[in-house]
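Student: I have a new model open on my screen and would like to walk through it with you. Could we take it piece by piece?

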Amino acid sequence: MTASRDALRRDLRARRRALPAAERIAAAAALAARLLALPFAPDRGYVAGYWAMDGEIGLHAWQLRLPKGLVYCLPLLAEDDTLRFAPWRPGDGLVTNRYGIPEPDVDPRSGLPAADMALIAVPLVGFDAHGQRLGMGGGWYDRTLAPRLQRPAPPWLVGVGFGMQRLRAPLDAQPWDVPLDAVCTEAGTLISSPDLADTPR
């Protein structure tokens, strides 16, 4: 299963990198509208995105359109191999982490835990019709969000990507896979359960 997942990752990553620039820009704007229209979209607190790399869909349009009560954060790699999060605005300092990804220029120990976020936009390589996520394989988000496997708790988790990353065949869920509440692309929104829209958190 690992070998087939690795092959699937390589194919999907190559396909998203091949998308034309104009299509990427339009998709990022459409994605922002989808995220803002989520029935459980927060209007205050912290939300987390990511710095788009390797052809990932951009979140800049979403960040710029967030309600004033929300603070946008980027992930930080912590020493325990989990993520923490730090507020970031365009123009703030950045450093490059071990994977070559920009992150806020702060001590990761001062970052906020995932539980402090109202919503996290989770990058993905692929997803299926049930909202099951295929990530990069490093396990950073699964380790960070593992407490949610024991009990429902903040934050809301929304996978984000291009519509072409949706898989026809279902993914086999692994014991460590943390379920998403929804997946948003430029083409549509997939909510894992209709009850989620009315679940206070």
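Tutor: Gladly, and we can begin with one pair: Ile120 stands opposite Leu157 in β9. Strand names here follow DSSP runs numbered from the N terminus, with helices being H or I of at least four residues and strands being E of at least two. This is a predicted model, in which local features need pLDDT of at least 70 and side-chain atom pairs count only at pLDDT 80 or more, while totals for chains, interfaces and linings use all residues. Residues are numbered from 1 along each chain as its sequence is written, and side-chain values use heavy atoms, leaving out hydrogens and water.

Student: In which sense do β6 and β9 pair?

Tutor: Two strands count as paired if DSSP finds at least two bridges between them. Strand β6 covers residues 117-123, and five bridges link β6 with β9. Their sense is parallel.

Student: Which residue in β10 does Val160 stand opposite?

Tutor: Here we move to the pairing of β9 with β10, where three bridges join strands that run parallel. The residue opposite Val160 in β10 is Cys184.

Student: How many of the five residues of β9 are buried?

Tutor: Buried means under 20% relative accessible area, exposed means over 50%, and partly exposed lies in between, using a 1.4 Å probe and protein chains only. Trp156, Val158 and Val160 are buried on one side of β9, and Leu157 and Gly159 are buried on the other, so both faces are covered. The number of buried residues in β9 is five.

Student: What is the order of the strands in the open sheet?

Tutor: As background, strands of a sheet pair through backbone hydrogen bonds, either parallel or antiparallel. This open sheet has seven strands and mixed pairing. Its order is β3-β2-β1-β6-β9-β10-β11.

Student: And which strands are at the edges?

Tutor: An edge strand of this sheet pairs on one side only. The two that do so are β3 (83-87) and β11 (189-191).

Student: Which residue of β3 is the bridge partner of Leu74?

Tutor: Strand β2 (residues 70-77) and β3 run antiparallel and are joined by five bridges. One bridge in this pairing sets Leu77 against Leu83. For Leu74, the partner in β3 is Ala86.

Student: Which residue in the hairpin of β2 and β3 takes a positive phi near 65°?

Tutor: That hairpin has five residues between its strands. The residue in question lies in the loop between β2 and β3, and it is not a glycine. With a relative accessible area of 33%, it is partly exposed. It is Asp81.

Student: Asp54 also caught my eye; what is its phi?

Tutor: Asp54 sits in the loop between β1 (45-48) and α3 (60-65). Its relative accessible area is 25%, so Asp54 counts as partly exposed. Phi is positive here, in a residue other than glycine, and is near 55°.

Student: Which residues touch the most other members of the largest nonpolar core?

Tutor: A nonpolar core is a set of buried Ala, Val, Leu, Ile, Met, Phe, Trp, Tyr and Cys residues joined through side-chain atoms within 4.5 Å. The largest one holds 47 residues, and a second, separate core of five residues includes Leu12, Leu134, Leu167 and Leu171. In the largest core, the residues touching the most other members are Leu35, Leu59, Trp62, Ile120 and Val158.

Student: Is Ala173 buried or exposed?

Tutor: Ala173 is found in the loop between β9 (156-160) and β10 (182-184). Its C-alpha atom is separated by 17 Å from that of Ala7, 166 residues apart along the chain. With a relative accessible area of 53%, Ala173 is exposed.

Student: Now the whole chain: what is its radius of gyration?

Tutor: The chain has four helices and eleven strands. The radius is taken over C-alpha atoms, and the globule rule is 2.2 Å times the number of residues to the power 0.38. For 201 residues that rule gives 17 Å, and the chain comes close to it, so it is as compact as a globular protein of that length, with a radius of gyration of 16 Å.

Student: Finally, what percentage of the residues of the chain count as buried?

Tutor: Along its principal axes the C-alpha trace spans about 40 × 40 × 35 Å. Of the 201 residues, the buried share is 46%.
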